[in-house]
Every structure is written in C-alpha cells, then in structure tokens.
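Hi,

Here is the structure I said I would pass on. Have a look at it first, and then read on for what turned up when I went through it.

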Amino acid sequence: MRKTFITFLVFVSLLIPHDVEASSTLSVSTDSIEYFSDGSYFLTTISIEDEIRNQRATTTRTASKTKSYVDSSGTTLWSFTITGSFAYNGYTCTCGQAKITTNVYSNEWKFTSTSAVPRNNTAIGNITAKQY
C-alpha cells in the first residue's frame, strides 16, 4: 500500500507543471543592400536574438535594424540603429521598449531629429538626416 501511494505521488508530481529556469539563445543576422543611381547605397542589417526562459516557452527577443548610408567610394557617412525588446508568452507578442542610436562619420551630415516608440508588437523609429 505504501509503495503504491509513493508511486501515485511521483506520478501526480510529474503532471504538475514546473517552472524550470533554463536558458538558450539563438542569434540570426541578415544583410541587404539598396543601390542608388549615383553609386551610393543603404546597407541594412537586421539582427535577432531569442532567449527561451523556461519550459512554458516564454521567449524574449531583442531585434535591431541598422541602416548605413555609404557613398559611391565606399565611405560610410552615417548610420542609425533601432532596437526593440519583445516578449512572447505563447499567445501574444508585445514590444516593451524601443530605442534609436545614431552615428555620423562625415562633417557634411547631421541628424536633425530622431524618435523611437514601442507600439503593440512593433518598434517604430523615425529619423531625419540632412546634408549641409
């Protein structure tokens, strides 16, 4: 009787979901190029990093999109990166944070405005770059 009861308790405990703090990370990156008639181009890099937090498949994702403006001689003039932090619980995805960073490598260019906002499941960024 005691052996049967212990076997029953072990079986029942296996049916109850347990939160296990395990973590695995997956990183992916892709590049694309958009050419202009004067020989300049945009180099776009999208990077995604997933992290699975527990056995219930709660996933956090940090994704970024970097766009660099390169002149016809191959010199990078400026770039910006929008980064969003996302959470997926198996049913919905939400963007909790969005930020934008900028780099200017030429004295002839300036970013006159930048903004980043999280909206539902999207990180939205706006920039204005001007040549002086």
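**What I found**

Let me start in a turn: Asn-120 sits in the loop that links β6 to β7. Please keep in mind throughout that this is a predicted model. Those two strands make a hairpin with two residues between them, and Asn-120 in the turn has a positive phi of about 55°. That caught my eye, as Asn-120 is a residue other than glycine. Most residues other than glycine have a negative phi. Is Asn-120 buried or exposed? With a relative accessibility of 63%, Asn-120 counts as exposed.

**The hairpin itself**

β6 and β7 (residues 122-131) run antiparallel to each other and pair over ten bridges. If you want one to click on, take Thr-114, whose bridge partner in β7 is Ile-127.

Also in β7 you will find Ala-129, which is partly exposed at 26% relative accessible area. Its C-alpha atom is separated by 7.5 Å from that of Ser-113, a residue 16 positions away along the chain. Setting aside residues up to four places away in sequence, what does Ala-129 touch? The answer is Trp-78, Trp-109, Lys-110 and Phe-111. Two of those names, Trp-78 and Trp-109, come back below as an aromatic pair.

**The overall layout**

Stepping back, the protein has one helix and seven strands. The helix comes first from the N terminus, and the order of elements is α-β-β-β-β-β-β-β. There are 132 residues, and 20% of them count as buried. The accessible surface comes to about 9,400 Å², with 54% of that belonging to carbon and sulfur atoms. As for contacts with a separation of 6 or more, 37% of them are between residues 24 or more positions apart.

**The core**

In soluble globular proteins, nonpolar side chains tend to be buried together. Which residues make up the largest nonpolar core here? There are eight: Phe-42, Tyr-69, Leu-77, Trp-78, Phe-80, Ile-100, Trp-109 and Phe-111. Strands β4 (76-88) and β6 (109-119) each supply at least two residues of this core, and β4 gives the most, with three.

Phe-80 is a good residue to centre your view on. Apart from neighbours within four places in sequence, Phe-80 is in contact with Lys-65, Thr-66, Lys-67, Ile-100, Thr-101, Thr-102, Phe-111 and Ile-127. Two of these contacts, Ile-100 and Phe-111, belong to the core as well. Ile-127 you have already met, as the bridge partner of Thr-114.

Then look at Ser-79, also in β4. Ser-79 is buried, with a relative accessible area of just 5%. Beyond its neighbours within four places in sequence, its contacts are Lys-67, Ser-68, Thr-101, Thr-102, Asn-103, Tyr-105 and Phe-111.

**The rings**

This is the part I enjoyed. A search of the whole structure gives ten aromatic pairs. One of them is Trp-78 with Trp-109, a tilted pair with 6.0 Å from centre to centre and 55° between the planes. Because Trp-78 lies in strand β4 and Trp-109 in strand β6, this pair ties together parts that are 31 residues apart in sequence. Both tryptophans are buried.

How do the rings of Trp-78 and Phe-111 meet? Their centres are 5.4 Å apart and their planes stand at 80°, so this pair is edge-to-face. Here too the link runs from β4 to β6: Trp-78 is in the former and Phe-111 in the latter, so parts 33 residues apart in sequence are tied together. Phe-111 is buried, as is Trp-78.

Together with Phe-36, Phe-42, Tyr-69 and Phe-80, the residues Trp-78, Trp-109 and Phe-111 form one aromatic cluster.

Finally, two lysines are worth a look. Lys-67 lies over the face of Phe-42, 5.1 Å from the ring centre. Lys-110 has its charged end over the ring of Tyr-132, at 5.6 Å from the centre. Lys-67 is also among the contacts of Phe-80 and of Ser-79, while Lys-110 is one of the residues that Ala-129 touches.

Cheers

Terms used
Residues are numbered from 1 along each chain as its sequence is written. This is a predicted model: local features need pLDDT of at least 70, side-chain atom pairs count only at pLDDT 80 or more; totals for chains, interfaces and linings use all residues. Side-chain values use heavy atoms; hydrogens and water are left out. Helices (H or I, at least four residues) and strands (E, at least two) are DSSP runs, numbered from the N terminus. Buried means under 20% relative accessible area, exposed over 50%, partly exposed in between (1.4 Å probe, protein chains only). Contact means heavy atoms within 4.5 Å. Accessible areas come from the Shrake-Rupley method with a 1.4 Å probe; for residues, only the protein chains shown count as cover. A nonpolar core is a set of buried Ala, Val, Leu, Ile, Met, Phe, Trp, Tyr and Cys residues joined through side-chain atoms within 4.5 Å. Rings of Phe, Tyr and Trp (its six-membered ring) pair if their centres lie within 6.5 Å; planes under 30 degrees apart count as stacked, over 60 as edge-to-face and the rest as tilted. A charge sits over a ring if NZ of Lys or CZ of Arg is within 6 Å of the ring centre and within 35 degrees of the ring normal. Two strands pair if DSSP finds at least two bridges between them.
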